[in-house]
Amino acid sequence: MGREYLILAGAIMLISWLVSSKLKSKFELYSKLQLQNGMSGKEIAEKMLADNGIRDVRVISTPGQLTDHYNPSDKTVNLSEAVYNHRNAAAAAVAAHECGHAVQHSIGYEWLSMRSALVPIVSIASNYVQWILLAGILMIRVFPQLLLVGIVIFAATTLFTIITLPVEYDASNRALAWLENKRMLTQQEQAGAKDALKWAARTYVVAAIGSIATLLYYISIYSGNRRN
């Protein structure tokens, strides 16, 4: 696909690996910081939901690591086993963050609504877009419109990564504000939770930058072919 793309892809992969590694080390560090209040991730989540007047969301355990998420379709806060059962600063941060999404859903936070609307499109697009782009590049001389179709589809996935940024940062801000206002954590625990969520958010920033850069690369290929 060209030396430029390989350099770009390699740089993005390296940065992504570095941020992910840092995130993992941060969570390992703050997983050792046990909460003085003795509450588990499940209990933290249930209290935050209750404090925000949310009664129709369930907190459930889901297998895997870093698989935590809020599902707006069935109104469940899904916490990985380590977060659900454990009683440390990392678990508190993640549990409160996912409940931040539940709060967003309950108040009709517009960025979350926009992201949810894009989920079905992105789910389908992600299965085919790379093949369409590859075919479009191979056939650019005879059928450039195929690459343009791929670019439009990829742009939808890029838009999704951009919209994800305010959604994730807002959820973290809501989580940290609640943890602090309700005095759920000690000063040290609060600082750990804030640091953990900061690095988690950076993974989304890297994903968005990578997607934008890749989109611009494909656009440059299409534009260059038109000029020729």
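UniProt positions are given here in the numbering used for this structure, feature names are shortened, and annotations may be inferred rather than shown by experiment. Residues count from 1 along each chain as its sequence is written. You're looking at a predicted model, where local features need pLDDT of at least 70, side-chain atom pairs count only at pLDDT 80 or more, and totals for chains, interfaces and linings use all residues; side-chain values use heavy atoms, with hydrogens and water left out.

**Stop 1: the whole chain**

Show everything as a cartoon. You should find seven helices and three strands, which are DSSP runs numbered from the N terminus (helices are H or I, at least four residues; strands are E, at least two). Starting at the N terminus, the order is α-α-β-β-β-α-α-α-α-α. The C-alpha trace spans about 65 × 35 × 30 Å along its principal axes.

**Stop 2: the annotated spans**

Select residues 117-139, 146-167 and 199-219, which the unreviewed UniProt entry labels "transmembrane region". Residues 117-139 are 96% helix and 0% strand, and their end C-alpha atoms lie 32 Å apart. Residues 146-167 are 100% helix and 0% strand, with end C-alpha atoms 32 Å apart.

**Stop 3: W131 and its patch**

Now pick W131, in helix α5 (residues 110-138). Is W131 buried or exposed? W131 is exposed, at 64% relative accessible area (buried is under 20%, exposed over 50%, partly exposed in between, using a 1.4 Å probe and protein chains only). Add L134, L138, M139, V142 and F143: with W131 they make a nonpolar surface patch of about 660 Å². Patch residues have over 30% relative accessible area and no salt bridge; like charges are joined within 9 Å, nonpolar side chains (Val, Leu, Ile, Met, Phe, Trp, Tyr) within 5 Å. A salt bridge is a side-chain nitrogen of Lys or Arg within 4 Å of a carboxyl oxygen of Asp or Glu. Areas come from the Shrake-Rupley method with a 1.4 Å probe; for residues, only the protein chains shown count as cover.

**Stop 4: rings together**

Show F154 and Y218 as sticks. They form an edge-to-face aromatic pair, 6.0 Å centre to centre with 70 degrees between the planes. F154 sits in helix α6 (residues 144-181) and Y218 in helix α7 (residues 187-227), so the pair ties together parts 64 residues apart in sequence. Rings of Phe, Tyr and Trp (its six-membered ring) pair if their centres lie within 6.5 Å; planes under 30 degrees apart are stacked, over 60 edge-to-face, the rest tilted. F154 is buried at 8% relative accessible area, and Y218 is buried at 1%. Add Y217, and ring pairs link F154, Y217 and Y218 into a cluster.
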